Amino acid sequence: MSTQAKVAVGGIAVGVILLWLLPLWAALLVIVGVPAVAYLTLDPSQRRRLRRASRKEIGR
């Protein structure tokens with residue numbers, strides 16, 4: 001199993017556990033908030049490069 005597949009399976013598992021343990025709004029806040037905060041912590045040049053990259057290039 002590739003590293004990307006392991007990360008995806010782990011993310012899905014964490015999402016399911018959060019939905020089970022937390023109220024729906026809190027779980028959705030975590031699931032949406034973590035990637036948003038990660039994006040906001042990037043430098044402006046990194047954000048530009050990420051916006052230019054296609055979806056296929058992001059995982060490489």
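## A tour of a four-helix chain

Start with the whole protein chain in cartoon view: it has four helices and zero strands. Follow the ribbon along the sequence and the pattern reads α-α-α-α. Keep in mind that this is a predicted model.

**Colour by confidence.** The chain's average pLDDT is 81, and 88% of the residues reach at least 70. Now pick out the two extremes among the elements: helix α4, residues 55-58, has the lowest mean pLDDT, at 62, while α3 has the highest, at 86.

**Switch on the surface.** The protein chain exposes about 5400 Å², and carbon and sulfur atoms supply 69% of that area. If you colour by burial instead, 7% of the 60 residues count as buried.

**Select the nonpolar patch.** Choose Ile17, Trp20, Leu21, Leu22, Val30 and Val34; together they form a nonpolar patch on the surface, with about 620 Å² of accessible area. Which helices should you show alongside this patch? Try α1 (3-21) and α2 (24-40), since each supplies at least two of the patch residues. Helix α1 gives the most, with three residues.

**Zoom in on Val34.** This patch member is found in helix α2. Is Val34 buried or exposed? Its relative accessible area is 53%, so Val34 counts as exposed, the cut-off for that label being over 50%.

**Move to the charged patch.** Next, select Arg48, Arg49, Arg51 and Arg52, which form a positive patch on the surface. To see the backbone behind one of them, show helix α3, residues 44-52, where Arg52 lies. This is also the helix with the highest mean pLDDT among the chain's elements.

**Finish at Arg52.** Display the side chain of Arg52 against the surface. With a relative accessible area of 66%, Arg52 is exposed, because the label applies over 50%. For a last view, show both patches at once: the nonpolar one, including Trp20 and Val34, and the positive one, including Arg48 and Arg52.

Notes. Residues are numbered from 1 along each chain as its sequence is written. This is a predicted model: local features need pLDDT of at least 70, side-chain atom pairs count only at pLDDT 80 or more; totals for chains, interfaces and linings use all residues. Side-chain values use heavy atoms; hydrogens and water are left out. Patches are made of residues with over 30% relative accessible area and no salt bridge: like charges are joined within 9 Å, nonpolar side chains (Val, Leu, Ile, Met, Phe, Trp, Tyr) within 5 Å. Accessible areas come from the Shrake-Rupley method with a 1.4 Å probe; for residues, only the protein chains shown count as cover. A salt bridge is a side-chain nitrogen of Lys or Arg within 4 Å of a carboxyl oxygen of Asp or Glu. Lys and Arg count as positive and Asp and Glu as negative; His and the chain ends are not counted. The place of a charge is taken as NZ of Lys, CZ of Arg, CG of Asp or CD of Glu. Buried means under 20% relative accessible area, exposed over 50%, partly exposed in between (1.4 Å probe, protein chains only). pLDDT is the predictor's confidence in each residue, from 0 to 100.
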